[in-house]
Amino acid sequence: MSDNKDTKVAIPQQGAPADAPLLKVSGLVKHFPIKKGLLQRQVGAVKAVDGIDFDVRPGETLGVVGESGCGKSTMGRLITRLLEPTGGTVEFQGADISHLGVGRMRPFRRDIQMIFQDPYGSLNPRHTVGSIVSAPFRLQGVEPEGGIKKEVQRLLELVGLNPEHYNRYPHEFSGGQRQRIGIARALALKPKLVIADEPVSALDVSIQAQVVNLLDDLQEELGLTYVIIAHDLSVIRHVSDRIAVMYLGKIVELADRTSLYESPMHPYTKALLSAVPVPDPRRRGVKSERILLRGDVPSPISPPSGCRFHTRCWKATELCRTQEPPLVALKTGHQVACHHPENAPDQAPDDQVLASAREAIAIVDATPKSELPVPEPGSKPEPESELPSRQSETELPSRESETEPDKQ
Ligand SMILES: Nc1ncnc2c1ncn2[C@@H]1O[C@H](COP(=O)(O)OP(=O)(O)OP(=O)(O)O)[C@@H](O)[C@H]1O
């Protein structure tokens, strides 16, 4: 998960080939039924996750990004089997866990853990930190070497908390510290896979980098594999080796971090990335444009025909309206589900673009006024562009600029 990704060593599970995925998701579907009337007849379904495929390799971090309601959390809950899929499979270390009951799922619960978004709501206010972090041992009937108290104190120290605060209550800690408690609890049983659902979005911006760095350090130290769900593209860029972009229950693009940020292929990804601010001083004075998607996100109850993004896409053609594009690798390790991808030869011919697509977006100048270059006297003004012509670069603050962990 760190910036020096190339140096990271994947940790293969015993007996499996080195490149075997730790997690394999195939055709995963979750439809929540909508019921009405006295008889509670099903009248429809929320298609929260509607057929997604991906692998996660040991030791890597897969980031999952997309707008609110696109199915990210549902996907996380399906992987951890807090929800049962309507269709498709979830395989962990080659074992199909999609429909296991409570008893048969129990051993897998040790290996697959979840970190939740809300460090306030996810910790019981009436329980001490010691009791919260030791809960997984009690639930699984595990007696760690040296006893539970010693192990909990070791875990508290591991996540940067004072082990002497074992008997304190959640309200005595700050938001960042509470999230560290949640992380300690998730790590208690030495999991292999950790699903983190918006792990920093409820935290103060100044604390976010500290928790992200903690997750990063723990991954290196413990050889963890992460699936990190977030709507914040800066966080996702910072933490991920590969990134899956979701839209209305589908993965529309899946690529390694550099490829996705430097040359996004799905118009939706391009629009998402253009909305990220540019804090890079090297780009001062460079004009940056933002793609504003005009339409609302359609309902997951009745998603659009063909490509689900066609109602908001500036390149949509009749083909997009009628045929769903499969997720295919157009470059090595770069999969995209689009009939007319960006940064590829097959661009939508202008005369075939749907009339509605011409109204789909607005291009706004996102350059802060103070950063625009002052025009030379007598020079011609730059014409307004009609379609996105350039990808705004995004850059996260460098690690050196981040603050020290919020130790107690
Ligand atoms: N238990 C449920 N019953 C019915 N619909 C649900 C349920 N859980 C989620 N949904 C719906 O499924 C869709 C996907 O929700 P989900 O929470 O997975 O999206 P998300 O991308 O994680 O969004 P957010 O970032 O806002 O949490 C939404 O339309 C949501 O309303």
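Which residue takes a positive phi in the hairpin of E9 and E10? Keep that one in mind while I set the scene, and I'll come back to it.

So, what we have here is a predicted model. The chain has ten helices and 14 strands, and buried residues account for 41% of its 408 residues. If you take contacts between residues at least 6 apart in sequence, 70% of them join residues at least 24 apart. On the annotation side, the unreviewed UniProt entry has "domain: ABC transporter" over residues 23–273. In the model that span is 37% helix and 28% strand, and its end C-alpha atoms lie 27 Å apart.

Okay, back to the hairpin. The answer is leucine 248, with a phi near 45 degrees, and the hairpin has two residues between its strands. Strand E9 is residues 242–247, and six bridges join it to E10, with the two running antiparallel. If you want a register to hang on to, alanine 244 has leucine 254 in E10 as its bridge partner.

E10 also pairs with E13, residues 334–336, again in the antiparallel sense, this time over two bridges. There, glutamate 253 is matched with valine 336 in E13. And how enclosed is E10, residues 250–256? Largely enclosed by the rest of the structure, because six of its seven residues are buried.

Let me zoom in on one residue in E9, namely isoleucine 243. Is isoleucine 243 buried or exposed? It's buried: there are 25 other C-beta atoms within 10 Å, and the cut-off for that class is 20 or more. Beyond its neighbours within four places in sequence, isoleucine 243 is in contact with Gly63, Val65, Ile236, Ala255, Arg257 and Leu260. Tyrosine 261 sits 18 residues away from isoleucine 243 in sequence, with a C-alpha to C-alpha separation of 9.5 Å.

Now over to the other sheet I wanted to show. This is an open sheet of four strands, in the order E2-E1-E4-E5, with antiparallel pairing. E2 and E5, the latter being residues 95–96, are the edge strands, each pairing on one side only. As a quick reminder, strands of a sheet pair through backbone hydrogen bonds, either parallel or antiparallel. Between E1 and E2 there are twelve bridges, in the antiparallel sense; one example is valine 25, whose bridge partner in E2 is phenylalanine 54.

Next door to valine 25 in the numbering we have serine 26, which is in strand E1, residues 23–36. Serine 26 is partly exposed, since it has 16 other C-beta atoms within 10 Å, and that class falls between the 12 or fewer of an exposed residue and the 20 or more of a buried one. Setting aside neighbours within four places in sequence, serine 26 is in contact with Asp53, Gly88 and Thr89. Glycine 87 is 61 residues from serine 26 along the chain, yet their C-alpha atoms are separated by 9.2 Å.

Last stop, the ligand. How many residues surround the ligand? There are 13, and the closest are Phe32, Ala48, Ser68, Ser73 and Thr74. Strand E2, residues 41–56, and helix H1, residues 72–79, each supply at least two residues of that shell. H1 gives the most, with three residues. As for the chemistry, the shell has five nonpolar, seven polar and one charged residues.

That's the tour, so let's go to questions.

How values were computed. Residues numbered from 1 in each chain as written. Predicted model: local features only at pLDDT ≥ 70, side-chain atom pairs only at ≥ 80, totals over all residues. Pairing = 2+ DSSP bridges. Near = placed C-beta within 6 Å. Nonpolar A, V, L, I, M, F, W, Y, C, P; charged D, E, K, R; others polar. UniProt positions renumbered as here; feature names shortened; annotations may be inferred. Contact = placed C-beta atoms within 7 Å.
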